[in-house]
Amino acid sequence: MSVISLVPYDDALASYDPVMGLEVHVELGTKTKMFCGCSTELGAEPNTQTCPTCLGLPGSLPVVNAIGVESAIKIGLALNCEIAEWCRFARKNYFYPDMPKNFQTSQYDEPIAFNGYLDVQLEDGEVFRVEIERAHMEEDTGKSTHVGGATGRIHGAEYSLLDYNRAGIPLIEIVTKPIVGAGERAPEVAKAYVTELRELIRALGVSEARMDKGQMRCDVNLSLRPHGREKFGTRSETKNVNSLRSVERAARFEIQRHAAVLTDGGTIVQETRHFHEDNGTTTAGRIKEEAEDYRYFPEPDLVPIAPSREWVEELRAGLPELPRVRRARLQTEWDLSDKDMQSVLNAGAVEPISQTIAAGAPADQARKWWMGELARRANETGTDLSEQPITPVQVARVCALVAEGKLNDKLARQVIEGVLAGEGEPDEVVAARGLAVVSDDSALGTAVDEAIAGNPDIAQKIRDGKVQAVGALVGAVMKATRGQADAARVKDLILEKLA
């Protein structure tokens, strides 16, 4: 792979304004595909969830998935969009092995939802409005697996395998208007937008929006224009970015790459690019087509969609509590300051904490573990908090063990460490590692006697009435018992013996 020259980020922003466009594809959680009755369940054997319609065989006719249309309208309403009174599907023609029909059924100039916006909150609390161009319905493609090459891509592969189970799964593509004015914060805005959009999609219940499973993917379009110029520069499109962190990294890298090319007097090529998770770089894909290259024309086998205003208003009235409203409510319930709530948001901890509380943990304890030990480990591994191999239910069980006096904080950290390491449920880790708190008087008595005997000066101070000195003896017992003694009971025993 050739080395790509970059301009330092601050130098790039000193000369150019970044302009972004974000295209997010969301796989809907319908039971069947968009235009046929094939199952959408994940994990089936390749090419077992197909039929003549999703394979595009002659004589087969598509039928629109009503739940797919309903989900699209809900997304549009939640994004403050106008909902079309009449729209239709079109054929987007291109030839690629994972497109069995050699065209994709999509929407072109008549989308189901358009002209909306989504307000997103940045890490310092500033709210940035991202305007939405459109949200339209379409179908997903199949999956290509290139075997034998070093990179997993077609170049250098010995052969390719095609799985059409995914072909025809309902997609909603959400396209922003050009995002301008973000300046140096453009990558942060991109991440915040996709984060907020993911939470909104999940709140609506139309998709799990798991980026790690390809249920939500982001294409990052970026161009630079010199300060003071109105015309946008030539854009690149980094395809299928599949994590929140990577969306931010891809935007930042492309800003630096574009600036390097332009500063050297070069020309930006309008192309698709691939993002590499391992090193945060992008590499060229193919020359990017324009709309006319796809030869769009209305799909002759599908009737237009004309949602009644009554139905649209019924769906609007049935929308669930949306993320920003819910966060405000939780902040009040958890009794957090604006600063503390912003820290929870920045850590991506709202959902883990909320689910831990729902599993029975007190709010302060749930926040303590997710924002402390688990956030630290997420930072060390460079992963999202939600990706840690521990569930809210397991964290709630750790909280319960602490509340029951079976663990102290030190031991609880070791239990969490064991769960993260794949050693089992919290109770199994406690048993396997022998981590339970020792509170039995007979078991503690010897350690207390040894601490008193080994620290006669401190013991005498306590006898003379300086009770605060007991902390030193408690510490000695805790050290001797490797932190497993019940500190409160140890203190009582020491005071009883020295009374």
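In this predicted model, nine strands are arranged as an open sheet, and their order across the sheet reads 2-5-6-9-1-10-11-12-13, with mixed pairing. The two edges of this sheet are formed by strand 2, which covers residues 82–83, and by strand 13, which covers residues 281–287, and each of these strands pairs on one side only. At the edge formed by strand 2, the partner is strand 5 (residues 113–121), and the two strands run in the antiparallel sense and are joined over two bridges. Within this pairing, Ile83 of the edge strand is placed opposite Ala113 in strand 5.

The sheet belongs to a protein whose secondary structure comprises 16 helices and 14 strands. The protein has 499 residues, of which 47% count as buried. Among the contacts in the protein with a separation of 6 or more, 68% are made by residues that lie 24 or more positions apart. The accessible surface of the protein amounts to about 24,100 Å², and carbon and sulfur atoms contribute 50% of that area.

Towards the other edge of the sheet order, strand 12 spans residues 271–276 and contains Arg273. Arg273 counts as buried because its relative accessibility is 5%, which is under the 20% limit for that class. The side chain of Arg273 is engaged in a polar contact with the side chain of Glu254, at a distance of 3.4 Å. When residues up to four places away in sequence are left aside, Arg273 touches Ile4, the run Ser236, Glu237, Thr238 and Lys239, the residues Glu254 and Arg257, and finally Thr282, Thr283, Ala284 and Gly285. The last four of these contacts, Thr282, Thr283, Ala284 and Gly285, fall within the residue range of strand 13, 281–287. Glu254 thus appears both as a residue touched by Arg273 and as the partner in the polar contact between side chains.

The cysteines were examined for disulfides, and the count comes to zero. For Cys51, the closest cysteine sulfur is that of Cys38, and the two sulfur atoms are 3.5 Å apart, so they are too far from each other for a bond, given that a disulfide requires cysteine sulfur atoms within 2.5 Å. Cys51 has a relative accessibility of 18% and therefore counts as buried. Cys81 is likewise assigned to the buried class, because its relative accessible area is 7%.

Notes: Residues are numbered from 1 along each chain as its sequence is written. This is a predicted model: local features need pLDDT of at least 70, side-chain atom pairs count only at pLDDT 80 or more; totals for chains, interfaces and linings use all residues. Side-chain values use heavy atoms; hydrogens and water are left out. Helices (H or I, at least four residues) and strands (E, at least two) are DSSP runs, numbered from the N terminus. Buried means under 20% relative accessible area, exposed over 50%, partly exposed in between (1.4 Å probe, protein chains only). A polar contact is a pair of N or O atoms within 3.5 Å; within protein, one must be able to donate a hydrogen and the other to accept it, and residues adjacent in sequence count only if both atoms are side-chain atoms. Contact means heavy atoms within 4.5 Å. Two strands pair if DSSP finds at least two bridges between them. Accessible areas come from the Shrake-Rupley method with a 1.4 Å probe; for residues, only the protein chains shown count as cover.
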